[in-house]
Amino acid sequence: MQPFTDIEVLDLTQSIAGPVCTSMLSSLGAHVVKVEPPNGDAFREQLEGSMFAFANQGEKESIAVDFKTDEGQEIAADLAERADVVVESFRPGVLEKFDLDYESVRETNEDVIYCSISGFGQGGPYRDWPAYDPVVQAVSGLMSTIGYPDRPPVRIGASTIDCGTGANAAFMVASALFQRGQTGEGEHIDIALFDVALSWTGYWITYYESTGKTPTRAGAGLHGFAPNDIYEGSDDEQFYVSAFSDALYERVCSALGREDLADDERFVTQDKRWENRHELDEILDDAFAEYEREEIVERLAEAGVPTGPVRTIDEVADDEHVHDRDMISETRNVELEDDSVTARLPLRTSDGPVADVSEPPELGEHAREVLAGLGYDETEIEAVLDSGAVNTPE
């Protein structure tokens, strides 16, 4: 599945959200040129290169350009002029200084699809606030729902808002390309991490507006639902059970041979189960403790109860389901200069993953190829490299 083989993408992004967006487009066939600052994407070294390796999988060419030089601005402008899609993740207003904002690019590329990814969007009181994923989790209210009620809120332990923002951005770019095919018109797309996080709290906002109640943190569970938590088998191994309805609760009781609990007045409705959740959990703890984790998970799953073992990352990396789905692929950690693996992007058809994971580029690895593609001859390329406007690997 390669619908974007004729699409040129200029990637002016760093961190996670923007690179995930352009990696998705690359995986669908787009030709992506990643323009980095002279010292490279700020996330090249984070977690010993692991973040960069994941977020920049796919076929990307890297060129390191100094926007503070006239030559660097000219190169960036030339790349923007020929691009079908420009994706940028600067704070609003920054690219105006280099004539790389939407209005400037549109002067020479009228039908460009220009996607701006930022923390809080191109407008609003928080427009100029710098932000990373956990900051947005905090400001959006999402973080207030995570953790235990007697402890401070905690962040989600992965860049979920970044990845969700990248996916939303790629979807909007794909939609704009489809629209351009019908109308011939370009588009300026405004994608904010804050908007993504806020949309993910949508049912809590509805709950508050409808009831006047603010959701409380429920640890590994979820406010309002029980049983919905982590439990342990007789081998002290943990598993998760989510029984979000009366029917699912009855299945739990049946799998345990405790049909009496389904008729217990304390637990006959979801509201009552939530109100009496501590008593219910004590009963379930004792019932689950009669089985090893593998056995009880199998019994619950066969009964149609959403359940699964609580796995650590090393267990997931070796999990047979993960490998059967071909979700782990070889790549290279350019920071450690070593072969590695990463999780694929979740793009799949009935034929399998839409594209192989490719090695992320070295900083400035494709400088000569990119410049040649812009029409520079060898003498001009050497002159640009000598000027310092473009960096190449040492």
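## A helix and a surface patch

In which helix is Val139 found? Val139 is found in helix H5, which covers residues 133–139. The model described here is a predicted one.

Val139 also takes part in a patch on the surface. The patch is nonpolar and measures about 460 Å². Its other members are Tyr126, Trp129, Tyr132 and Val135. Val139 has a relative accessible area of 33%, so it counts as partly exposed. Residues enter such a patch with over 30% relative accessible area, and Val139 stands at 33%.

## The seven-stranded sheet

One open sheet is built from seven strands. Their order is E6-E5-E4-E1-E2-E3-E14, and the pairing is mixed. Which strands stand at the edges? They are strand E6 (187–192) and strand E14 (390–391). Each has a single partner strand, so one side of each lacks a neighbour in the sheet.

Helix H7, residues 193–200, packs on this sheet. Helix H7 touches strand E5 (113–118) and strand E6. The direction of helix H7 makes about 60° with that of E6.

Within the sheet, strand E2 (residues 31–36) runs parallel to strand E3 (residues 60–65). Five bridges join the two. At one place in this part of the sheet, Val35 stands opposite Ile63 in E3.

## The three-stranded sheet

Another open sheet has three strands, in the order E7-E8-E9. Here the pairing is antiparallel. Strand E7 (228–232) and strand E9 (307–309) are the edge strands, and each pairs on one side only. Neighbouring strands of this sheet are turned against each other by 20° on average, direction ignored.

How many bridges join strand E8 to E9? There are three, and the two strands run antiparallel. Strand E8 spans residues 238–242. Val241 has Thr307 as its bridge partner in E9.

## Salt bridges between two helices

The whole structure holds 16 salt bridges. Arg368 takes part in two pairings described here, one with Glu378 and one with Glu382.

In the pairing of Arg368 with Glu378, the side chains meet at 3.0 Å, N to O. This pair links distant parts of the chain. Arg368 lies in helix H16 (residues 367–373), and Glu378 lies in helix H17 (residues 378–387). The two residues are ten residues apart. The salt bridge between Glu382 and Arg368 has an N to O distance of 2.8 Å. Glu382 is also in helix H17, 14 residues from Arg368.

Are these three side chains buried, partly exposed or exposed? Arg368 has 37% relative accessibility, so it is partly exposed. Glu378 is partly exposed because its relative accessible area is 48%. Glu382, at 28%, is partly exposed too.

## A salt-bridge network

What joins Asp264, Arg266 and Glu279 into one network? Salt bridges that share partners do so. In one of these, Arg266 pairs with Asp264, and their closest N and O atoms are 2.7 Å apart.

Is Asp264 buried or exposed? Asp264 is buried, because its relative accessible area is 18% and the cut-off for buried is under 20%. Arg266 has a relative accessible area of 32%, so it counts as partly exposed. This salt bridge therefore joins a buried residue, Asp264, to a partly exposed one, Arg266.

Notes
Residues are numbered from 1 along each chain as its sequence is written. This is a predicted model: local features need pLDDT of at least 70, side-chain atom pairs count only at pLDDT 80 or more; totals for chains, interfaces and linings use all residues. Side-chain values use heavy atoms; hydrogens and water are left out. Patches are made of residues with over 30% relative accessible area and no salt bridge: like charges are joined within 9 Å, nonpolar side chains (Val, Leu, Ile, Met, Phe, Trp, Tyr) within 5 Å. Accessible areas come from the Shrake-Rupley method with a 1.4 Å probe; for residues, only the protein chains shown count as cover. A salt bridge is a side-chain nitrogen of Lys or Arg within 4 Å of a carboxyl oxygen of Asp or Glu. Helices (H or I, at least four residues) and strands (E, at least two) are DSSP runs, numbered from the N terminus. Buried means under 20% relative accessible area, exposed over 50%, partly exposed in between (1.4 Å probe, protein chains only). Two strands pair if DSSP finds at least two bridges between them. Contact means heavy atoms within 4.5 Å. Axes are lines fitted to C-alpha atoms, for helices over the stretch in contact, and angles run from 0 to 180 degrees between N-to-C directions.
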